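Thanks for making the time this morning. I would like to walk through a few places in this model, going from the loops to the helices, and I will keep to what the coordinates give us.

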Amino acid sequence: MGLPQPSDKATLSFDDGTPPLEIPIYRGTVGPDVLDIRALYSKTGKFTYDPGFLSTASCNSTITYIDGDKGELLYRGYPIEQLATRCDFLEVCHLLLFGELPDEKQKADFVKRVTNHTMVHEQMQFFLRGFRRDAHPMAVMTGLVGAMSAFYPDSMNLNDPWQREVSAIRLIAKLPTLTAMAYKYTVGQPLIYPRNDLSYTGNFMRMMFAVPAEEYKVNDVLVRALDRIFILHADHEQNASTSTVRLCASSGTNPFAAIAAGVACLWGPAHGGANEAALNMLYDIQKNGGVERIGEFIAKVKDKNSSVRLMGFGHRVYKNYDPRAKLMRETCHEVLGELGLQDDPLFKLAMALEKIALEDDYFVSRKLYPNVDFYSGIVQKAIGIPVPLFTAVFALARTVGWIAQLNEMIADPEYKIGRPRQLYVGSTQRDVKPIGQR
Ligand code: SDX
């Protein structure tokens with residue numbers, strides 16, 4: 001890891017008399033080159049300006065690579081299509097955290113470590129009880145994950161590799177338990193403790209849907225589908241929530257606080273909240289006439305004066321089909337088939353909407369394709385996960401990616417606290433007048 005040798009250089013020349021500046025260019029193993037502008041301010045007194053980070057690389061990384069034009073996604077070099085069909089989620093967690101897929105023994109050890117950390121401190125259920133029963137699960141999750149720093153003080157030091165690893169295992173292991181607790185609390189059912197004889201995802205399904213009154217039978221097809229959903233959501237380069245985690249951790253705060261910041265950012269409808277918003281959009285279209293009225297909805301989306309967006313479509317990086325959306329659509333078919341819901345009206349509506357959008361010049365010209373969130377809500381709903389919990393499931397899966405990215409930053413000897421600057425366009429200095437003269 002770390003920066004390669006400069007592959008080339010650029011010369012920045014100014015017409016205001018500032019001397020030209022030579023800028024090193026670095027080439028990665030794949031993907032766009034970067035211009036190293038770290039000396040720009042000290043040498044020229046000027047900043048770059050890129051508020052949405054459209055042209056800014058915030059770090060160098062070896063974890064995930066996205067080719068937006070080709071619609072390709074690699075975790076540590078492995079294509080998402082292969083990982084989603086040949087591995088399970090804990091193997092992918094091992095890959096993201098340690099850089100390699102585990103062999104049999106490494107997998108057994110890793111699964112055992114995670115399994116033995118799935119219970120949460122008994123006091124956390126009393127913390128949970130402070131929330132209203134109708135609180136949004138993401139409000140609860142932001143609180144519970146942040147609260148972990150009040151329950152696990154022995155793994156808070158980010159600069160201690162062992163404490164970083166322990167907190168990583170605790171977060172990966174306990175997110176399913178906390179997510180299920182958040183759900184059970186909102187539906188007024190008893191909390192279900194984890195079981196060590198179940199798989200990671202089977203355990204989550206049981207904690208979500210079991211009740212003390214009867215035995216819960218794990219449905220392997222649904223478990224496999226949900227495990228694949230976790231894999232598809234595990235990491236995604238420097239997206240908004242991952243950048244939030246990196247910036248938060250760069251202050252040296254503890255890993256639980258940094259991951260809680262990621263949970264809070266993911267909640268937004270432009271980001272991880274899009275899966276909930278996409279399903280609610282499908283419900284609204286269905287309520288207002290269904291497939292026959294899709295044209296009217298699309299017209300609203302194209303109307304600049306309406307703030308209506310086709311949720312689950314578009315992406316900052318993918319200007320082609322999101323490979324995760326393709327895999328999610330296949331998973332949809334599998335799950336709906338298993339449940340005898342092939343004629344699920346929402347799925348048919350989603351496919352009709354996708355077909356119309358992909359033929360409409362508004363979307364084609366803007367390279368707007370379905371993203372991971374377009375189908376994930378339909379699959380999760382079919383599995384039985386309630387709509388308000390979709391983003392919490394996304395956070396559960398993305399926790400390993402956030403941790404891997406955080407660890408990579410902390411392990412980089414060059415990392416500093418993140419502190420962007422600004423273009424100031426406000427008032428120049430002025431004096432305070434007594435209130436009677438204002
Ligand atoms: C995730 O970054 C990641 O990697 C995120 C993620 C991950 O795994 O971490 O992939 C997960 O967050 C997926 C994205 C989920 N969000 C949505 O589905 C919400 C709907 N999509 C958008 O709001 C939007 O597409 C974004 C936020 C995803 C991307 O926005 P950009 O890159 O800032 O693009 P933009 O808003 O500048 O849009 C460019 C044009 C605009 O039109 P014009 O002004 O050029 O005329 O496309 C239009 C936008 O109005 N547009 C849409 C649209 N998305 C963009 N128009 C209608 N519907 C949409 N969904």
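Phe-53 is exposed, because its relative accessible area is 54%, and in this predicted model the residue is found in the loop between helix H1, residues 40-44, and strand E4, residues 64-67. What draws my attention there is the backbone, since Phe-53 has a positive phi of about 55° although it is not a glycine. As a general reminder, most residues other than glycine have a negative phi.

Glu-237 also has a positive phi, near 60°, and is a residue other than glycine. Glu-237 is found in the loop between helix H9, residues 220-232, and helix H10, residues 240-249, and it counts as partly exposed because its relative accessibility is 21%, where the cut-off for buried is under 20%.

Let me turn to a pair of helices. How do H3 and H4 pack, and at what angle? Helix H3, residues 89-98, and helix H4, residues 104-115, have their axes 10 Å apart and meet at an angle of about 95°, so the two are roughly perpendicular to each other. On the H3 side the contact involves Leu-90, Glu-91, Cys-93, His-94, Leu-97 and Phe-98, and on the H4 side Gln-106, Lys-107, Phe-110, Val-111 and Val-114. Those contact residues divide into seven nonpolar, two polar and two charged.

Within that contact I would single out His-94, which lies in H3 and is buried, because its relative accessible area is 9%. Leaving aside neighbours within four places in sequence, His-94 is in contact with Gly-99, Glu-100, Leu-101, Pro-102, Gln-106 and Phe-110.

The last stop is helix H15, residues 345-359, whose 15 residues should span 21 Å at 1.5 Å a residue, and whose end C-alpha atoms are indeed 21 Å apart. At the start of H15, a side-chain oxygen of Asp-344 comes to within 2.8 Å of the backbone nitrogen of Leu-346. Buried residues in H15 include Leu-346, Phe-347, Leu-349, Leu-353 and Ala-357, and what covers the buried residues of this helix includes H12, H13, H14, H16 and H17.

Ala-357 counts as buried because its relative accessibility is 0%. Not counting residues up to four places away in sequence, Ala-357 touches Leu-310, Phe-313, Phe-363 and Val-364. Ala-357 and Leu-368, which are 11 residues apart in sequence, are 8.5 Å apart in space, taken C-alpha to C-alpha.

Methods:
Residues numbered from 1 in each chain as written. Predicted model: local features only at pLDDT ≥ 70, side-chain atom pairs only at ≥ 80, totals over all residues. Heavy atoms only, no water. Axes fitted to C-alpha atoms, helices over the stretch in contact; angles between N-to-C directions. Helix = DSSP H or I, 4+ residues; strand = E, 2+ residues; numbered from the N terminus. Parallel < 35°, antiparallel > 145°, perpendicular 65-115°, else oblique. Contact = heavy atoms within 4.5 Å. Nonpolar A, V, L, I, M, F, W, Y, C, P; charged D, E, K, R; others polar. Expected span 1.5 Å × (residues − 1). Buried < 20%, exposed > 50% of the residue type's maximum accessible area, 1.4 Å probe, protein only. Polar contact = N/O pair within 3.5 Å; in protein donor to acceptor, adjacent residues only side chain to side chain.
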